[in-house]
Amino acid sequence: MESSTLLAAVFTWMTLCLLSSGQSAPDASGLPRAIRVPLRQGARDQQPPPHAAAVNRERGSAGRLAARRRRGATAGGISFVDMIDNLRGKSGQGYYVEMAVGSPPQKLNILVDTGSSNFAVGAAAHPFLRRYYHRSLSTSYRDLGRSVYVPYTQGRWEGELGTDLVSVPHGPNATLRANIAAITQSDRFFINGSNWEGILGLAYADIARPDETLEPFFDSLVRQTSVPNLFSLQLCGAGFTQNYSLGSATVGGSMIIGGVDPSLYVGELWYTPIRREWYYEVIIVRIEVNGQDLNMDCKEYNYDKSIVDSGTTNLRLPRKVFQAAVKAIEAASSTEQFPSGFWLGEQLVCWQVGTTPWHIFPVISLYLMSENRNQSFRISILPQQYLRPVEDVASAQEDCYKFAVSQSSTGTVMGAVIMEGFYVVFDREKKRIGFAVSTCHVHDEFRTASVEGPFHGVDLEDCGYNIPQTDESTLMTIAYIMAGICALFMLPLCLMVCQWRFARCLHPHGDFADDISLLK
């Protein structure tokens, strides 16, 4: 009896030791960790077609490094396992996640957009929609009796506001009541063949429509559940096709809601402060092409803002910066001649399959202000990112590309082609955005995307663009001056009218049709 008791005690002790060795440890950044477990067959296990760009040759070693960093199955009570590979999309048409709306749940594919703040879904038949949200079939839908109109850089929509129960099947195990816009009319918003039926704006309430009182989805999620106030995105570009059974143009990725998954990046996470909580605004302090500084006033890079926006495809630059960047890229790749329309995004360039001369195109480097305001770090963008493959016009013998850097009138936009090289952490709790090299970024044998630092500078915060503020007393002074000028001109006119009326009374002309007074 005593012997069996002793054996039982030893067995219990060994079991506890084994269990304790598997507990999670916090990241050095203080963010929740996640684990990765073997996934279903397909997705990442399939081989790319022979003409695809060479894919991250260090992936094996990166996987081993990530495996050493993984600890435990949950973080803060949230499991990230089901969030791996929960994004799909098509090159140039955005990344979407499946969401369930209403009671009973209606499953819809929703575009992930960090450049807007409204959660909106198609709620009426449209030629480009395979399915749409039926409010009348949801017992939990509540009408707010308000309409909403939202314009974008390209396209617009309008609809009716309400609330309903929402969940993310491949996200946190939580259901919340969220504001939702039922899109009833749209123009150039939905994309034919894109496979998404709505948009999930993940930015701040300041840019929500119709006004900032409308609580965005992520704010509602954090307020109503135990989900931490951060999310992270790994967007895998067209060169790293996730599932070839869905078509050659299919891309994928992961949206980790509530944490950071160390298996999705290599190296170190570098953070830049969120300058203002409306868009995810950051400060760019320097831009280089092939290591050569564009030598511009750093305020030009941020005129009138610089944002990280997964809902925009291109890297968009202010006019002066765009012109300087294109001139530098054109000079660096001068061994081949390209039509001017290519640099304007109006024409494609094609090469025979597998012969794309990546080496002639330069690396573009963006320097972002770090959390230490007198330091910056550099993210390097490869031509495999800013030359976007266009599948639907290419033949079986050609690889065709579109130049994915374009001119902007609304500031710098770091769109999907930039994010596809990096794992990007939107740490709303600490008001910062993190960048690390993604495990699914595409490169060749000569160069790889990178995140490096620190680089020292002085007063880097001054590179941010500030909208000129006019003093209220100055405005009042201008108003009084304008009123005085108007009075000065009106006085003679009034005198002339009075004189004319007086003359009419003294010399009546009888019946007279004044053709000049008729509206022509």
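**Exercise 1. The lining of the second largest cavity**

Task: In this predicted model, determine which residues line the second largest cavity and which strand gives the most to that lining.

Solution.
Step 1. The residues in question are Ser117, Asn118, Phe119, Leu161, Asn179, Ile180, Ala181, Ala208, Leu214, Glu215, Pro216 and Phe217.
Step 2. Strand β7, which covers residues 175-187, gives the most, with 3 residues.
Step 3. Sorted by class, the lining comprises 8 nonpolar, 3 polar and 1 charged residues.
Step 4. The volume of this second largest cavity is about 50 Å³.

**Exercise 2. The largest cavity**

Task: State how many cavities of 30 Å³ or more the structure holds, and describe the largest cavity by its volume and its lining.

Solution.
Step 1. There are 5 cavities of 30 Å³ or more in the structure.
Step 2. The largest cavity contains about 100 Å³ of space.
Step 3. Its lining is formed by 17 residues, of which Gly92, Gly94, Tyr95, Ala416 and Glu420 are the closest to the centre.
Step 4. Two elements, β2 (94-101) and α8 (416-419), each contribute at least two residues to the lining of the largest cavity.
Step 5. By class, the lining of the largest cavity has 9 polar, 5 nonpolar and 3 charged residues.

**Exercise 3. Cis peptide bonds**

Task: For the peptide bonds from Ser103 to Pro104 and from Arg209 to Pro210, give omega, and locate each proline in the chain.

Solution.
Step 1. The bond joining Ser103 and Pro104 is cis, and its omega is about -5 degrees.
Step 2. Pro104 lies in the loop between β2 and β3 (106-113).
Step 3. The bond between Arg209 and Pro210 is also cis, with omega near 10 degrees.
Step 4. Pro210 belongs to the loop between β8 (198-201) and α3 (217-224).

**Exercise 4. Positive phi outside glycine**

Task: Asp85 and Asn195 have positive phi values although neither is a glycine. Establish where each residue is placed and whether Asp85 and Asn195 count as buried, partly exposed or exposed.

Solution.
Step 1. Phi is near 60 degrees for Asp85, and this residue sits in the loop between α2 (59-69) and β1 (87-90).
Step 2. A residue is buried when its relative accessible area is under 20%. Asp85 has 5% relative accessibility and therefore counts as buried.
Step 3. Phi is about 75 degrees for Asn195, a residue of the loop between β7 and β8.
Step 4. The partly exposed class lies between the buried limit of 20% and the exposed limit of 50%. Asn195 has 27% relative accessibility, so Asn195 counts as partly exposed.

Definitions and conventions
Residues numbered from 1 in each chain as written. Predicted model: local features only at pLDDT ≥ 70, side-chain atom pairs only at ≥ 80, totals over all residues. Heavy atoms only, no water. 1 Å grid on protein atoms, 1.4 Å probe; cavity = no way out; pocket = protein on both sides within 12 Å on 5 of 7 lines; lining within 4 Å. Points joined across faces, edges and corners; volume = space filled by probe spheres on them. Helix = DSSP H or I, 4+ residues; strand = E, 2+ residues; numbered from the N terminus. Nonpolar A, V, L, I, M, F, W, Y, C, P; charged D, E, K, R; others polar. Buried < 20%, exposed > 50% of the residue type's maximum accessible area, 1.4 Å probe, protein only.
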